[in-house]
Structure formats: structure tokens, C-alpha cells
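Please open the structure in a viewer and follow the stops below in order. Each stop says what to select and what is found there.

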Amino acid sequence: MIEIRRIDKDFKQFEDLLALILSAFSYMDGVIDPPSSAHRLTLDNLAQKARDEIAFVALVGDDLAGCIFCRPEASCLYIGKLAVSPSSQGKGVGFALLQKAEELAGTLGLATLRLETRIELTGNHRRFSAWGFSKTAENSHPGFTRVTSIEMMKRLA
């Protein structure tokens, strides 16, 4: 059973959370350019990110299985650092975390979820499309003249 819990001031597992994010994003190494911003995470700035945003972890038993960071914007809820541990992938953890984000968006009066995914990660594009997201923009990271990421949005009922 998947339990979704908000990261609050009592959360003490930032080392495990950082390890989860790095392992979940490791398949991108050597595939995406520029490299994932996950490599710039430290225990301190991850804890600060959790204070600045609304973050949740997914637990399966006592094990961290995934996380999601949500940032309210003017017209949508931005989804970042959606990560599922490699051993928990394909078991509904990502979907459960996105459902929690949808619930949060509704509570905040926001009718849309927004995320970005790298252009090279076509499997992610397909997964997010299957979950109801549509491509809304193509973007380039600073210093790049080619498209490096796409924006996807999901309108909520």
C-alpha cells in the first residue's frame, strides 16, 4: 500500500530523499544535455526546497518510494522533482503522487498542473501523456540554441 505524506518540519529523512532523487534520475546521465539539476542538490538546498515548496513523499511500508515537489504559480501548480525509486517504478507510485498534486491544486483553486521534461526523455513524454498531460511549449536552457525541454500541462476537471 502506498502512503503519501507531506514533508513537514518534522521530516528527518533528507539523506534518504536525496539518494532517492539521485537514483531515480540516474538513468538520465549521459542522455540529457545539460545534465539534470538533481546533481546540484545538497542536503541543505533540498531541505530549503521542501520549505519553499509543497512537497510529498510516497512510502511503501517504511521505505521512501517517491517524491513530488509542487510550487503554486499564478494560474497553475508547477510539478518538479517527481521521482520514483527504481525498485518502485511501475507500481503506481508516480500516479499516486500526481493524484496528490491534483488534490492540492484543487484545494488552492488552481485548475492546471504544469511540468517540464527533457526533450530526450520520450518515455516520460508518453507516460505524462497517458496521465492526461499535453505538450504546450518547447523550451531551451540558457546557452542552448536547440530545444532542450518541453512543457506539458494537464487541465483538471
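Select K135 in this predicted model: with a relative accessibility of 47%, K135 counts as partly exposed. Add E138, which is likewise partly exposed, its relative accessible area being 45%. The two side chains, K135 and E138, meet in a salt bridge of 2.7 Å, N to O.

Next, display the strand that runs from 134 to 139, β6, which is an edge strand, as is β1 (2-6). Widen the selection to the open sheet of seven strands, ordered β1-β2-β3-β4-β5-β7-β6 with mixed pairing. On average, neighbouring strands in this sheet are turned by 25° against each other, direction ignored.

Within the sheet, select β3 (residues 63-72) and β4 (residues 77-84), an antiparallel pair joined by six bridges. Here F69 stands opposite G80 in β4.

Now pick R114 and E73, whose side chains form a salt bridge at 2.8 Å, N to O. R114 belongs to strand β5 and E73 to the loop between β3 and β4, so that 41 residues separate these distant parts of the chain. R114 is buried at 12% relative accessible area, whereas E73 is partly exposed at 24%.

Turn then to E102 and K154, a salt bridge with its closest N and O atoms 2.5 Å apart. Because E102 lies in helix α3 (residues 93-108) and K154 in strand β7, the pair ties together parts 52 residues apart in sequence. K154 is buried, at 15% relative accessible area; E102 counts as partly exposed, at 25%.

Finish with helix α4 (residues 122-130), which lies across β4, β5 and β7 and runs at about 165° to β5.

Conventions. Residues are numbered from 1 along each chain as its sequence is written. This is a predicted model: local features need pLDDT of at least 70, side-chain atom pairs count only at pLDDT 80 or more; totals for chains, interfaces and linings use all residues. Side-chain values use heavy atoms; hydrogens and water are left out. Two strands pair if DSSP finds at least two bridges between them. Helices (H or I, at least four residues) and strands (E, at least two) are DSSP runs, numbered from the N terminus. Axes are lines fitted to C-alpha atoms, for helices over the stretch in contact, and angles run from 0 to 180 degrees between N-to-C directions. Contact means heavy atoms within 4.5 Å. A salt bridge is a side-chain nitrogen of Lys or Arg within 4 Å of a carboxyl oxygen of Asp or Glu. Buried means under 20% relative accessible area, exposed over 50%, partly exposed in between (1.4 Å probe, protein chains only).
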